[in-house]
Structure formats: structure tokens, C-alpha cells
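Got the viewer open? Load the model, pick a plain cartoon view, and we'll walk through it stop by stop.

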Amino acid sequence: MTRNLLRRDLAEEITARVLDGRIAADSRINEVHLARELGVSRTPLREALIGLADRGLLVSAPNRGFLVPPFDPDEARQLYPLVAELESLALRWSSPQDLAGLTGGLDRITAEMAAELARQGDLSNLDDRWHALLVSRCTNPHLLRLLEQTKPLLKRYDARYFGGVERARESIDEHHRIAEAIRVSDLATAMELLVRNWVKTLAYLEDMG
């Protein structure tokens with residue numbers, strides 16, 4: 001149990017470093033230095049790295065160890081529409097009554113996002129919370145598992161996206177409108193707005209190059 005917890009903690013720490021750029025894209029992870037810095041042996045560290053490679057956040061390269069993949073426009077073009085459709089389906093697999101009960105929580109998180117934007121803070125974790133709450137009433141565990149496996153792959157791209165203030169403001173407004181559509185039981189509009197939100201994020205990233 002202790003070993004499993006250590007491996008999970010290490011995976012979370014490495015993930016955080018990849019997402020915030022402390023471990024740069026298109027770089028190799030120096031296992032010796034990282035193990036020393038984190039105060040662990042290489043065995044649990046390697047187990048955590050293998051797990052992250054299985055999830056797609058890292059790449060395992062023969063004779064080179066573990067690499068952080070470079071930003072790949074083709075990967076983003078595949079992932080963003082996929083997540084958009086999965087989240088849209090998650091709404092379809094949720095009862096209207098359960099969804100309506102989420103709107104207060106969605107609004108509170110959106111308000112937190114607006115306040116964080118005014119402070120020029122990081123919105124990505126709040127956005128994760130908003131989307132996690134949105135799909136939390138989905139009754140299809142297989143769909144939720146697909147989302148859980150896929151969404152971490154977007155995090156590297158999202159970190160770049162939320163650096164854009166104007167697009168962040170627009171996204172916050174879209175979050176408001178999705179919640180409002182759910183509040184009035186207009187599921188079709190909520191799904192359409194949700195897909196549009198993800199597609200616009202992809203378009204913004206492509207414009208950034």
C-alpha cells in the first residue's frame with residue numbers, strides 16, 4: 001500500500017512539473033537527478049514514469065529513457081474534438097433533474113474563474129473542476145473512464161491556452177451560457193455550446209502556433 005501511494009504521489013508531482021514547464025516539452029527526464037531531487041529511489045520513480053508513459057503524458061524511448069513529447073498540432077486536433085464529444089455524451093447520459101441540481105455549483109466555479117482572471121492567476125485547475133462537476137452525474141462508467149484517460153493528455157495544451165486573457169474571458173462567458181441552458185432544461189443547446197467551447201479552444205491554440 002505504501003509503495004502504491006508513493007508511486008501515485010510521484011506521478012502527480014511529475015505531472016505537475018510537466019504541465020507547468022519545470023520539465024520542458026521535448027526534453028528527456030534525467031532519472032538520477034530527479035530521484036535525488038525528490039528524495040526517492042529509482043525503482044518507485046521508474047514505476048511512476050512507466051505509468052505516465054502508459055497514459056500518454058510521457059514517451060518511453062529505447063536507450064533514451066523517458067521523454068516529454070513536443071507539442072503536436074495533430075494530437076491536439078484529435079484530442080479536443082474527442083473530449084468535446086465525450087463530455088457532450090456524458091450530458092446525454094445524465095438525468096435532467098441531476099443536471100439542473102449542478103447549476104449552482106457550476107456558477108460558483110465560473111465566478112471563481114472570473115475572480116482568478118482578474119488577479120491574473122491560473123484558471124486551469126478551476127476549469128478542470130467545472131468540467132468534472134459538469135459530467136459528474138453521468139451514469140455511464142465506461143464513458144467516464146474514457147474521459148479520465150483522455151483529458152490528462154490535454155493538460156499540456158490547456159496550460160498554453162489559459163495564457164490568453166481575451167479567450168479566457170470568452171470561455172468564462174461560454175461556461176455561464178452552458179450552465180444557463182442546463183438550468184432551463186435545454187440540453188441540446190448546452191451540448192452545442194459545450195462542443196463549441198472545446199473547438200474554439202483548439203482554434204485558439206492553432207492561432208498561437
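Before you click on anything: helices (H or I, at least four residues) and strands (E, at least two) are DSSP runs, numbered from the N terminus. This is a predicted model, where local features need pLDDT of at least 70 and side-chain atom pairs count only at pLDDT 80 or more, while totals for chains, interfaces and linings use all residues. Residues are numbered from 1 along each chain as its sequence is written, and side-chain values use heavy atoms, with hydrogens and water left out.

**Stop 1: the whole protein**

Keep everything selected for now. You should find 11 helices and three strands, which come in the order α-β-α-α-β-β-α-α-α-α-α-α-α-α along the sequence. The radius of gyration is 18 Å, close to the 17 Å from the globule rule for 209 residues, so the protein is as compact as a globular protein of that length. (That radius is taken over C-alpha atoms, and the rule is 2.2 Å times the number of residues to the power 0.38.) Along the principal axes, the C-alpha atoms fill a box of roughly 55 × 40 × 30 Å.

Now switch on the surface. About 11,100 Å² is accessible, and carbon and sulfur atoms hold 53% of that; the areas come from the Shrake-Rupley method with a 1.4 Å probe, and for residues only the protein chains shown count as cover. Of the 209 residues, 42% count as buried. Here buried means under 20% relative accessible area, exposed means over 50%, and partly exposed is in between (1.4 Å probe, protein chains only).

Colour by charge next. There are 28 positive and 32 negative side chains, and the centres of the two sets lie 5 Å apart. Lys and Arg count as positive, Asp and Glu as negative, and His and the chain ends are not counted; each charge is placed at NZ of Lys, CZ of Arg, CG of Asp or CD of Glu.

**Stop 2: the sheet**

Select 27-28, 59-61 and 65-68 to pick out strand 1, strand 2 and strand 3. They make an open sheet in the order 1-3-2, with antiparallel pairing. Strand 1 and strand 2 stand at the edges with a single partner strand each, so one side of each has no neighbour in the sheet. Two strands count as paired if DSSP finds at least two bridges between them.

Which residue of strand 3 is the bridge partner of R28? Show the side chains and look for L67. Strand 1 and strand 3 are joined by two bridges. On the other pairing, strand 2 and strand 3 share three bridges, and S60 sits opposite F66.

**Stop 3: two loop residues with positive phi**

Click D26, in the loop between helix 1 (2-19) and strand 1. Its phi is near 65 degrees, a positive value in a residue other than glycine. D26 is exposed, at 59% relative accessibility.

Then jump to N63, in the loop between strand 2 and strand 3. The hairpin these strands form has three residues between them, and N63 takes a positive phi near 70 degrees there. N63 is exposed too, with a relative accessible area of 84%.

**Stop 4: into the helices**

Select L99 in helix 5 (residues 96-100). Is L99 buried or exposed? With a relative accessible area of 3%, L99 is buried. Contact means heavy atoms within 4.5 Å, and L99 touches L91, S94, L134, I182 and L187, leaving out residues up to four places away in sequence. Measure from L99 to R183 as well: they are 84 residues apart in sequence, and their C-alpha atoms are 7.9 Å apart.

Move on to L194 in helix 11 (residues 187-208). L194 is buried, at 0% relative accessible area. With residues up to four places away left out, L194 touches E87, S88, L91, H131, L134 and I178. L91 and L134 should look familiar, as they are among the contacts of L99 too.

**Last stop: L144**

Finish in helix 8 (residues 141-150), where you'll find L144. L144 is partly exposed, at 28% relative accessibility. Apart from neighbours within four places in sequence, L144 is in contact with V135 and C138. Draw one more distance, to R119: 25 residues away in sequence, and 33 Å from C-alpha to C-alpha.

Zoom back out to end the tour. Among contacts with a separation of 6 or more, 73% come from residues 24 or more positions apart.
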